[in-house]
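Reader: Hey, I'm new to this one. Could you walk me through it?

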Amino acid sequence: MSCILHIETSTKVCSVAVTQDGAVLFEKVDKSGPSHAVQLGVFVDEALSYVDNHGIPFDAVAVSCGPGSYTGLRIGVSMAKGICYARDLRLIAVPTLELLCVPVLLYNDELPEDALLCPMIDARRMEVYAAVYDRALKTVRPIGADIVDADTYRDFLDARPVYFFGDGAEKCRSAVTHLHAHFLPDILPLAKNMGPLAEKAFALGRFEDVAYFEPFYLKEFVASKPKKLL
């Protein structure tokens with residue numbers, strides 16, 4: 001059995017959840033804007049109080065690790081590290097683009113067996129951070145910073161249906177008009193959906209070094225990719 005605190009701050013949405021063996025015990029979400037510095041501490045305090053009052057021992061803290069908002073990721077990861085140090089807990093990193101795929105895979109009954117998933121996080125103008133996965137969440141194309149036009153995903157679209165979603169997808173709708181392109185609205189990275197990915201990492205013993213862990217966005221993109229999402 002595992003009880004995990006989940007923190008998600010990669011976009012304008014701020015959310016915190018507690019899961020135990022797949023069940024969501026606690027959730028707080030703020031979709032009103034990038035207010036992580038104000039809301040995250042309040043949400044985490046409420047989550048910790050809930051678990052402590054119910055006598056449930058935490059096993060780990062999971063944090064969405066990007067790509068995403070530079071400031072949001074720093075706030076979320078700093079909070080996660082602080083809790084891990086204070087309570088001697090293990091740290092789990094959940095890739096944000098994989099997290100976006102979770103509600104699509106769990107709740108979309110009409111998804112074809114050969115479908116590809118392309119989660120997108122908004123960058124600037126027609127740029128997005130995106131990756132392509134199959135239905136088993138196997139990486140078909142790794143994370144990249146894409147300038148989106150009609151040809152960006154054509155090779156995938158010519159072969160199979162591709163489902164685009166996330167806060168970067170809507171602005172790409174006018175550019176990607178291929179017959180196999182499908183756009184799913186209102187798919188957000190939420191802490192409550194981190195459970196399946198975090199629990200898998202926990203079972204496999206995939207933990208991060210609390211002292212040295214950094215968000216994926218900072219390590220891989222900040223030096224050479226669009227400096228957006230501040």
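**Strands, a sheet and one threonine**

Author: Sure, let's start with a hairpin. Strand β6 (residues 116-122) pairs with β7 in the antiparallel sense over 4 bridges. Pairing here needs at least two bridges found by DSSP between two strands, and strands are DSSP runs (E, at least two residues) numbered from the N terminus, while helices are H or I runs of at least four.

Reader: Is this from an experiment or a prediction, and how are residues counted?

Author: This is a predicted model, with pLDDT of at least 70 needed for local features and 80 or more for side-chain atom pairs, while totals for chains, interfaces and linings use all residues. Residues are numbered from 1 along each chain as its sequence is written, and side-chain values use heavy atoms, leaving out hydrogens and water.

Reader: OK. Which residue is the bridge partner of I121 in β7?

Author: Y129 is the partner of I121. The β6-β7 hairpin has 4 residues between its strands, and R125 in the turn has a positive phi of about 45 degrees.

Reader: What does β7 do on its other side, with β8?

Author: β7 and β8 (residues 139-147) pair in the antiparallel sense over 6 bridges. A130 has G144 in β8 as its bridge partner. These two strands also form a hairpin, with 5 residues between them and L137 in the turn at a positive phi of about 60 degrees.

Reader: Is β7 mostly covered or exposed?

Author: Mostly covered: 7 of its 7 residues (127-133) are buried, meaning under 20% relative accessible area with a 1.4 Å probe and protein chains only, where exposed is over 50% and partly exposed lies in between. E127, Y129, A131 and Y133 point one way, and V128, A130 and V132 the other.

Reader: What order do the strands of the open sheet come in?

Author: The order is β8-β7-β6-β9-β10, with mixed pairing. β8 and β10 (181-183) are the edge strands, each pairing on one side only. In the parallel sense, β6 pairs with β9 (residues 162-165) over 4 bridges, and P119 stands opposite F165 there.

Reader: Switching topic: where is T9?

Author: T9 lies in the loop between β1 (3-8) and β2 (14-20). T9 counts as buried because its relative accessibility is 1%.

Reader: And what does T9 touch?

Author: Leaving aside residues up to four places away in sequence, T9 touches C14, H36, L40, G72, L73 and G76, where contact means heavy atoms within 4.5 Å. The T9 side chain reaches the backbone nitrogen of G76 at 3.4 Å.

Key:
A polar contact is a pair of N or O atoms within 3.5 Å; within protein, one must be able to donate a hydrogen and the other to accept it, and residues adjacent in sequence count only if both atoms are side-chain atoms.
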